[in-house]
Amino acid sequence: MHRPDVVVVGAGPAGLAAAVEAAGAGLAVVLVDTATQPGGQFWRHYDRAHARPDDRAGHHGWRVFTRLRDRLDALRAERRISYLPGRQVWLATREATGTFTLRTTAATSPAAAGSPHDPHQTLSAPALVLCPGGYDRQLPVPGWDLPGVLTAGGAQALLKGHRTPAGRRAVVAGTGPFLLPVATGLARAGVTVAAVVEANRTRGWLRDPAGALSAPGKGFEALGYAALMARHRIPYRTGTMVREILGTDRVEAVRVARVDRDGRPTGPDEEIAADVVALGWGFTPSLELPLMLGVATGKDTDGSLVVAVDDSQRSSVEGLYVAGEATGVGGAALALHEGRLAALSLAAARGRTADPAAIGRLRNAVRRGRRFATAMHRTYPLPPAWPEWLSETTLVCRCEEVSYGDLRRAHDDLGAEDARTLKMLARPGMGWCQGRVCGLATAEIAAHLSGRETTPDDLRPLATRSLAVPVPLGELAALTEETTPAEPATVPVGEGGRDGD
């Protein structure tokens, strides 16, 4: 029983790599993850106990994952890692002593949360590696609140995690290379993919050939998807956007049109029949925990708010390292390099053995990955004119039923010039999702109505949350019962929750 040297939050590519690398360097590690088995969204898979060989279909880097998972199992057996699956961090603080305190709750149900004094409920460590990942970035479109409209990641998660296709005839739309694995995954599951509707034109890669060639393996992936698209006869329509989703009680069709580089229609509308629409506009980082701890942020090439880190993955907060999509969306390979680099940098800072040559190689790999990510974001930007698609009645915030007209009136009549003021006057981002779905759209609309570009100050208020996730009232009440400063409970390294897989 002893306090860990570091807590790693997230068991996706970055967090899994960070945890096993840190433990391999001699640090005592606690790995906390919301899911019941490691892999994150990228390596989401069916329950390991009931896995089938075909579950690996559509997974890139599966051998990399299984090696990491095997290494995690071995380090747990050696009591060098405590793995806590099915738990999510809802509050993160840094004490005056420099110690980080994390309060967690069960990710499955309040009944599984246990006592507020459970030793796994509150974690403490002198160092923290946050790898919270990201989630689908969404833009509103007329009709997107109809049943049958999913995020592209949601459609893929149903397939990977539950072997469940989202419908029978699908349109996959938005922008970015992620549309391809979603479309081909649906096709392999027997879904008729009527079209992949890509807003941009793929020749955008030619504007940054050096960046495009920074990750040559991605080119081979693209060729593989092209072959699968041809095999399943999936139309790939570039420079085209979904202008409206049609239906009465659920999705029945989409209305698409050719658009220019800014997203303005240049041709006639066309209807495509579908019973499911998977929308994906890239990803946005999950920043609740980093922002709680006061990290410095910036705006990435794709317009997302990201955590600012140095070439060792250190944030502006002493002892806090951040890796993966939270520092900029760049894919699983980049996240793996960043996770390993964060772990080795931390180990070196704490006087443990860390090969300087390995650190140097990882820094070079991260730089190459960032160059590729920049080229990707420039090839698949959000169309600047997308707010012009919206009608007065188009919902922007579905939780609070705030329409585009409500936001426009708050701007025109009440002087709301920025996203924070729009949120106060019209309530977008105040519902169940706390702005995770509508936050970026609200910030973009505020800037569009004011005739300017978004800034970090527009994005930060809609990404900052007092609590990272919903939490049972009993756990909040337990905080007020602490009449004297309590020593956070420690976790025995090598112990922890069940495997869950």
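Me: Which residues in H1 meet which residues in H2?

Reply: This is a predicted model. In it, Leu16, Ala17, Val20, Ala23 and Gly24 are the H1 side of the contact. On the H2 side they meet Phe65, Leu68, Arg71, Leu72 and Leu75.

Me: How many nonpolar, polar and charged residues does that contact have?

Reply: The contact of H1 with H2 has 8 nonpolar residues, 1 polar and 1 charged.

Me: And what angle do H1 and H2 pack at?

Reply: About 45 degrees, with the axes 10 Å apart. H1 covers residues 13-24 and H2 covers residues 62-77.

Me: Why is H1 called oblique to H2?

Reply: Because about 45 degrees is neither under 35, over 145, nor in the 65 to 115 range, and the rest count as oblique.

Me: Is the crossing left-handed or right-handed?

Reply: H1 and H2 cross in the left-handed sense.

Me: Switching to Leu102. Where is it found?

Reply: Leu102 sits in strand E5, residues 100-106.

Me: Buried or exposed?

Reply: Leu102 is buried, because its relative accessible area is 2% and the cut-off for buried is under 20%.

Me: What is Leu102 in contact with, leaving aside neighbours within four places in sequence?

Reply: Val7, Val9, Val89, Leu91 and Ala92 are among the contacts. Leu102 also touches Gln121, Thr122, Leu123 and Leu128.

Me: What separates the C-alpha atoms of Leu102 and Ala125?

Reply: 8.8 Å, for two residues that are 23 residues apart along the chain.

Me: Next, E13. Why is it described as largely enclosed?

Reply: Strand E13 runs over residues 240-246, and 5 of its 7 residues are buried, so the rest of the structure largely encloses it.

Me: In what sense does E13 pair with E14?

Reply: Antiparallel, over 6 bridges. E14 is residues 253-258.

Me: Which residue in E14 is the bridge partner of Ile245?

Reply: Val254.

Me: What about the hairpin? Which residue takes a positive phi there?

Reply: Gly247, with phi near 160 degrees. The hairpin has 6 residues between strands E13 and E14.

Me: Last one, H10. Which of its residues are buried?

Reply: Tyr404, Gly405, Leu407, Ala410 and His411 are the buried residues of H10, which spans 404-414.

Me: What do those buried residues pack against?

Reply: Two strands and two helices: E21 (395-397), E22 (402-403), H11 (419-426) and H12 (439-449).

Me: Which residue follows H10?

Reply: Gly415 follows H10, and its phi is positive, near 75 degrees.

Definitions and conventions: Residues are numbered from 1 along each chain as its sequence is written. This is a predicted model: local features need pLDDT of at least 70, side-chain atom pairs count only at pLDDT 80 or more; totals for chains, interfaces and linings use all residues. Side-chain values use heavy atoms; hydrogens and water are left out. Axes are lines fitted to C-alpha atoms, for helices over the stretch in contact, and angles run from 0 to 180 degrees between N-to-C directions. Helices (H or I, at least four residues) and strands (E, at least two) are DSSP runs, numbered from the N terminus. A crossing is left-handed if the near helix is turned anticlockwise from the far one by less than a right angle, and right-handed if clockwise. Contact means heavy atoms within 4.5 Å. Ala, Val, Leu, Ile, Met, Phe, Trp, Tyr, Cys and Pro count as nonpolar, Asp, Glu, Lys and Arg as charged, and the others, Gly among them, as polar. Buried means under 20% relative accessible area, exposed over 50%, partly exposed in between (1.4 Å probe, protein chains only). Two strands pair if DSSP finds at least two bridges between them.
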